[in-house]
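I opened this entry to go through the two chains and their contact, then a few places inside each chain. What follows is what I looked up, in the order I looked.

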Amino acid sequence: MNDAEVQYAVEVVNLSKHFDDVAAVDQVDLKINKGEIFALLGGSGCGKTTLLRMLAGFEKPSLGDIKINGVSVLNSPPYQRPVNMMFQSYALFPHMTVEQNIAFGLKQDKLPAAQIVARVTEVLGLVQMEKFRSRKPAQLSGGQQQRVALARSLAKKPALLLLDEPMGALDKKLRMQMQLELANIIESVGVTCVMVTHDQEEAMTMADRIAIMDQGRIMQVGQPREIYEFPNSKLTAEFIGSINLFKAVVTGGELTCAELPGQVVAGEANAVFEGPCYVALRPEKIRLDAARNLDATNCAAGKVNDIAYLGSHNVIHVRLDAGAGQGKIVQVHVSNFARHATQTFDFEQPVVLSWDRDAVVLIKADQP
Amino acid sequence: MKGVFAHKFWVVVWPYIWMLVFFALPFGFILKISLAESMIAMPPYSDIWSWSDGHFTWLGSFDNYRFLLEDDLYYLAYFNSLRLAAVSTVLCLFVAYPMAYGISRMEEPYRSLFLLLVILPSWTSFLIRIYAWIGLLKTNGLVNHFFMSVGLVDEPLTMLHSDFAIYLGIVYGYLPFMILPIYANLMKLDHSLIEAGYDLGARPWKVFLTIILPLSMSGVVAGCFLVFIPAVGEFIIPELLGGPDTLMIGKVLWQEFFVNRDWPVASAIAVVMLTFLIIPIYFYRRLEMKQLGVGE
């Protein structure tokens, strides 16, 4: 086995899982780097959990292979895989103390008692839970239980750490704090981590790379920034953040957008292709001005349809005036720079939308 | 508000009324009779106090209890009952646990079906089902017929009227009482705990011993009490399936009451039996309280 083969911590090769006739996971290929936090992101039923459970060994793949550090684990039961999981419900053993919970996995390896105690102390220190070592899980708060669950899944120094909806059982306020903290701990340990989540914010906060899943397939893999700024399909564009989509077509290298007045010019970063597509614009990349003369390109007029004040920014819905896109609602985010707004908008006020050519994302329309 | 409090009062008081009428009161009578003397009269025992000329005289005595200690018949009967009940409870547990576990892991239509099948025999009278075992176990019964026809034995086995038949009867008769609490407990068990066990490197048998079994312990203990307690005082099974020399306290009690018509001694036997059974229940309750973290 040469080094090139083992540069990935996890290799998923053409992996499929069928339940009866339905493909929960459909021909998935993934390569996950060592020490990387990798998020599987998708709605419920997209197959992300099934994929995670196959990595852990709880589900047997129908087809394909899983390699961990270059070695296929297809025929290893979960108790023989160098993989540990932090369960969504944490699955802490209620009849054992924090210490016993963490020592459980180490005991299965028949380590000497002194070594077990040392390792338990070490991981408890990592999650700052030394004080609670003799508590039972029921005597801990949700956040504390999560720390113990993380410590337990790190105790055996797994080659791969799995997180199943890590923030699913926490309230919203605690989530943000724990997302960063968890990511920091995992990075400091240097363990390769695959997490499953339906929360895009969570994936973007914690993960180095994200795979967007839908109907058992991987739609796009990339860094959070890549996926947000360069979505490769309508689905990923809509799944991550909000986006305005306008039907368009490219013929002979010329972009025509029927739903926007005037000419739309896209930046060079977009892929070159022919045929039906979408012009996609993120709401925060659209400028909003009071009525004025329209520019020749990348500009549209409309009226304010709806305003939502969200504190950090306003979400303003603009109804387009002329052209085939008439009546279409465009979402615009306007930051609140100043406490006393210098420019306010009223309902039905005529406005002008404009955007830079680099803000334009061209997405090839899905095949009919 | 008043209505709510009144409602609460009745919710709590109802079990007290039930226990008073159907447990405390009858037990008081039995206790009273156990302190009296046997008499040929109606009722067949003496008073334990008298009240005449404003003068109270205590007539009761502990002679019956002393008598139970003197004759080793009672001592042996108690011991034998506890032994038979303990062994059959353990046997019952070994049969019931895998069944309860299997049923709890089944998919839905089968789970309900098997649960129904576990309870179904109880729809026939207990007495009739024990009688049926006589037909199966006797020397020229079905079981012996089968064994001889397949050449397993040359001569019929003596199975009826033995301790073996009693164990069989108790395990058969009380199995649902063991299965149901264990099943209820295993159904509550979060499956991800089992997966976590595997995930941390424990083999299936280890997962069972360190996670599943300890977490279903309260079901096991409840099932054991539900089998052990009635088995100690069991009368029908040793009478029908046991040998003539099988000494069980239920049989002795029946003899004292109906054959010897010695109500006070029979009552004393019952009181002692109850005491024997209350002790383990008391310790179990204390253990349960400790596990729940009450009074820590």
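**Entry 1: the contact between the chains**

I began with the interface: chain A and chain B bury about 1,800 Å² between them, and carbon and sulfur atoms give 60% of that area. I note here that this is a predicted model. I then listed who takes part, and found 23 residues from chain A and 19 residues from chain B in the contact.

How many salt bridges does the rule find across the interface of chain A and chain B? It finds one. I looked up the partners: A:R53 pairs with B:E195, and their closest N and O atoms are 2.6 Å apart.

**Entry 2: chain A as a whole**

I counted eight helices and 19 strands in chain A. Its C-alpha atoms fill a box of roughly 80 × 50 × 40 Å along the principal axes. Chain A has 368 residues, and 49% of them count as buried. I also looked at the surface: chain A exposes about 17,500 Å², with 50% of it supplied by carbon and sulfur atoms.

For the contacts in chain A with a separation of 6 or more, I noted that 68% come from residues 24 or more positions apart.

**Entry 3: helix α4 of chain A**

I picked helix α4 of chain A, residues 142-154, for a closer look. This helix has 13 residues and spans 18 Å from its first C-alpha to its last, close to the 18 Å expected at 1.5 Å a residue.

Is α4(A) enclosed or open? Ten of its 13 residues are buried, so I put α4(A) down as largely enclosed by the rest of the structure. Among the buried ones I wrote down A:G143, A:Q146, A:R147, A:L150, A:A151 and A:L154.

I then asked what covers the buried residues of α4(A). In chain A the cover includes strands β6 (83-86) and β7 (160-164), and helices α2 (98-108), α3 (113-126) and α5 (172-189). Helix α8 (191-199) of chain B is also part of the cover.

**Entry 4: A:V127**

I moved to A:V127, which sits in the loop between α3 and α4 of chain A. A:V127 is buried, at a relative accessible area of 1%. Leaving out residues up to four places away in sequence, I found that A:V127 touches A:R147, A:L150, A:A151 and A:I185. Of these, A:R147, A:L150 and A:A151 are listed with the buried residues of α4(A).

I also checked A:V127 against A:L160: the two are 33 residues apart along the chain, and their C-alpha atoms are separated by 18 Å.

**Entry 5: salt bridges within the chains**

Over all chains I get 19 salt bridges by the rule. I looked at three of them within the chains.

The side chains of A:D26 and A:R217 form a salt bridge at 3.3 Å, N to O. This pair links distant parts of the chain, with A:D26 in strand β2 (residues 22-33), A:R217 in strand β10 (residues 217-222), and their positions 191 residues apart. A:D26 is buried at 16% relative accessible area, while A:R217 is partly exposed at 40%.

A:K303 and A:D321 form another, at 3.5 Å from N to O. A:K303 is in strand β15 (residues 299-309) and A:D321 is in the loop between β16 (313-320) and β17 (329-335), so the pair ties together parts 18 residues apart in sequence. I have A:K303 as partly exposed at 28%, and A:D321 as partly exposed at 26%.

In chain B, I noted B:E108 with B:R111, closest N and O atoms 3.1 Å apart. Both lie in helix α4 (residues 108-119) of chain B, three residues apart, about one turn of the helix. B:R111 is buried at 18% relative accessible area, and B:E108 is partly exposed at 39%. Elsewhere, salt bridges with shared partners join A:R53, A:E59 and B:E195 into one network.

**Entry 6: a nonpolar patch on chain B**

Last, I looked at a nonpolar surface patch of about 1,100 Å² on chain B, whose members include B:F9, B:W10, B:W14, B:W18 and B:F23. I followed up B:W10, which lies in helix α1 (residues 2-34) of chain B. B:W10 is exposed, with a relative accessible area of 55%.

Definitions and conventions. Residues are numbered from 1 along each chain as its sequence is written. Chains are lettered from A and ligands numbered from 1 in the order in which they are written. This is a predicted model: local features need pLDDT of at least 70, side-chain atom pairs count only at pLDDT 80 or more; totals for chains, interfaces and linings use all residues. Side-chain values use heavy atoms; hydrogens and water are left out. Patches are made of residues with over 30% relative accessible area and no salt bridge: like charges are joined within 9 Å, nonpolar side chains (Val, Leu, Ile, Met, Phe, Trp, Tyr) within 5 Å. Accessible areas come from the Shrake-Rupley method with a 1.4 Å probe; for residues, only the protein chains shown count as cover. A salt bridge is a side-chain nitrogen of Lys or Arg within 4 Å of a carboxyl oxygen of Asp or Glu. Helices (H or I, at least four residues) and strands (E, at least two) are DSSP runs, numbered from the N terminus. Buried means under 20% relative accessible area, exposed over 50%, partly exposed in between (1.4 Å probe, protein chains only). The expected span of a helix is 1.5 Å times one less than its number of residues. Contact means heavy atoms within 4.5 Å. Buried area is the accessible area (1.4 Å probe) that two parts lose on being put together, summed over both.
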